[in-house]
Amino acid sequence: MKFPHEVVVITGASSGIGAEMAVQLGRLGCKLALLARREDKLNEVAAKVEAAGGKALVLPCDVSDAAAVAQAMGKAVQAFGPIDCVIANAGVGQQLDKHDYAPETVERIFRINMLGMTNAFYAALPGMLERSRGHLVAVASLASYQGMPRDGGYAASKAAMRTHCEGLRIELRGSGVDVTCICPGFIRTPITDKNNFDMPFLLEVKPATRRMLRAIAKRRRVFNFPRRLWWLIKIGQRTPRWLYDWIIAGQESRVNAGRTQKRSTDI
Ligand SMILES: NC(=O)c1ccc[n+]([C@@H]2O[C@H](COP(=O)([O-])OP(=O)(O)OC[C@H]3O[C@@H](n4cnc5c(N)ncnc54)[C@H](OP(=O)(O)O)[C@@H]3O)[C@@H](O)[C@H]2O)c1
């Protein structure tokens with residue numbers, strides 16, 4: 001695969017998709033600025049990137065802190081030169097409990113997923129606009145297209161990312177800066193390892209990452225995958241709401257039954 005960018009910033013590069021993207025881009029000879037909070041994990045990824053033939057700069061920071069992200073971007077430019085591509089991949093998911101609402105949970109999800117993306121994008125954008133060249137990439141989710149029980153905070157944050165990308169893409173038309181929004185289904189990483197429900201069409205991280213990088217290389221506007229899950233979602237969107245609610249509620253009660261059973265065997 002030919003990748004059109006040399007200097008790439010990846011947020012959430014310490015684990016899962018971000019770490020795998022870094023290694024695959026390292027193999028293609030990219031210079032990578034790796035952002036996340038866990039420095040030890042970033043160092044491990046950086047070593048793999050260098051072993052694969054790329055260059056890596058470890059920049060520990062919290063993406064919800066705009067000043068820290070801007071500072072990290074500045075260091076990346078100093079080390080590697082102008083940034084060609086920012087991949088806003090850092091993200092967290094947490095289910096909400098209707099009996100124990102904690103506003104901090106929703107705030108945290110939005111600060112990391114949505115603000116984390118805008119902090120990264122807008123720190124790099126002035127330099128890109130000056131050079132009339134650049135690429136902003138968001139890793140949102142297929143979850144952004146539909147509401148699921150307890151998943152409101154995560155899905156809403158991903159929908160916010162997707163709609164933000166859509167507006168920004170049009171705003172930046174003709175500027176030389178492209179915007180890509182990637183919406184994956186389920187991929188086996190630490191974020192999904194804790195899920196206790198069926199994950200249809202679950203993908204392994206290596207091939208899934210390869211597909212994402214190919215979509216970035218082609219400067220796709222939106223990349224929804226895997227296709228089979230995307231089609232199910234499209235069908236769900238066209239299904240009458242009473243039927244959709246009935247199907248999802250049935251699924252939910254099976255999940256709850258599983259949970260009760262698990263709790264009783266745990267005790
Ligand atoms: N796996 C899936 O099925 C799936 C599906 C759709 C979308 N996605 C999205 O893909 C992205 C990557 O997820 P993943 O599956 O690779 O999960 P993961 O292995 O848990 O990776 C999440 C990454 O985000 C970083 N992160 C979390 N909070 C951060 C913060 N405040 N500041 C900086 N970095 C932070 C983590 O690093 P530190 O903890 O070191 O900070 C980690 O590197 C997420 O945005 C996720 O929503 C995943």
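Let me begin with one pair of side chains, D84 and R133, which form a salt bridge in which the closest N and O atoms are 3.1 Å apart. This pair links distant parts of the chain, since D84 sits in the loop between helix 3 (66-80) and strand 4 (85-88), while R133 sits in the loop between helix 4 (103-131) and strand 5 (134-139), 49 residues apart. I should say at once that what we are looking at is a predicted model.

How do the two partners differ in burial? D84 is buried, with a relative accessible area of 5%, because the limit for that class is under 20%, whereas R133, at 44%, is partly exposed. Salt bridges that share partners also bring in R131, so that D84, R131 and R133 belong to one network.

How many salt bridges does the structure hold? There are 8, and I will take two others from that set. R219 and D178 form one of them, with the closest N and O atoms 2.7 Å apart. Here too the pair links distant parts of the chain, with R219 in the loop between helix 7 (205-217) and strand 7 (222-225), and D178 in strand 6 (residues 177-184), 41 residues apart. Both residues are partly exposed, R219 at 34% relative accessibility and D178 at 29%.

The side chains of R169 and E166 meet in a salt bridge at 3.9 Å, N to O. These two are separated by about one helical turn, because they are 3 residues apart in helix 5. E166 counts as partly exposed, with a relative accessibility of 42%.

Now to the ligand. Which of the 30 residues around it come nearest? They are S15, R37, Y154, I187 and T189. Turning to the polar atoms, a polar side-chain atom of Y154 lies 2.6 Å from an oxygen atom of the ligand, an N or O atom in the side chain of R37 is 2.7 Å from a ligand oxygen, and for R38 the corresponding distance is 2.8 Å. The protein covers 95% of the 880 Å² of accessible area that the ligand has on its own.

As for where the shell comes from, the elements that give two or more residues to it are helix 1 (16-27), helix 5 (152-171) and helix 6 (190-193). Helix 6 provides the largest share, 3 residues. By class, the shell around the ligand is made up of 16 nonpolar, 10 polar and 4 charged residues.

Notes: Residues numbered from 1 in each chain as written. Predicted model: local features only at pLDDT ≥ 70, side-chain atom pairs only at ≥ 80, totals over all residues. Heavy atoms only, no water. Near = heavy atom within 4 Å. Polar contact = N/O pair within 3.5 Å; in protein donor to acceptor, adjacent residues only side chain to side chain. Areas by Shrake-Rupley, 256 points an atom, 1.4 Å probe, with all protein chains shown as cover. Helix = DSSP H or I, 4+ residues; strand = E, 2+ residues; numbered from the N terminus. Nonpolar A, V, L, I, M, F, W, Y, C, P; charged D, E, K, R; others polar. Salt bridge = Lys/Arg side-chain N within 4 Å of Asp/Glu carboxyl O. Buried < 20%, exposed > 50% of the residue type's maximum accessible area, 1.4 Å probe, protein only.
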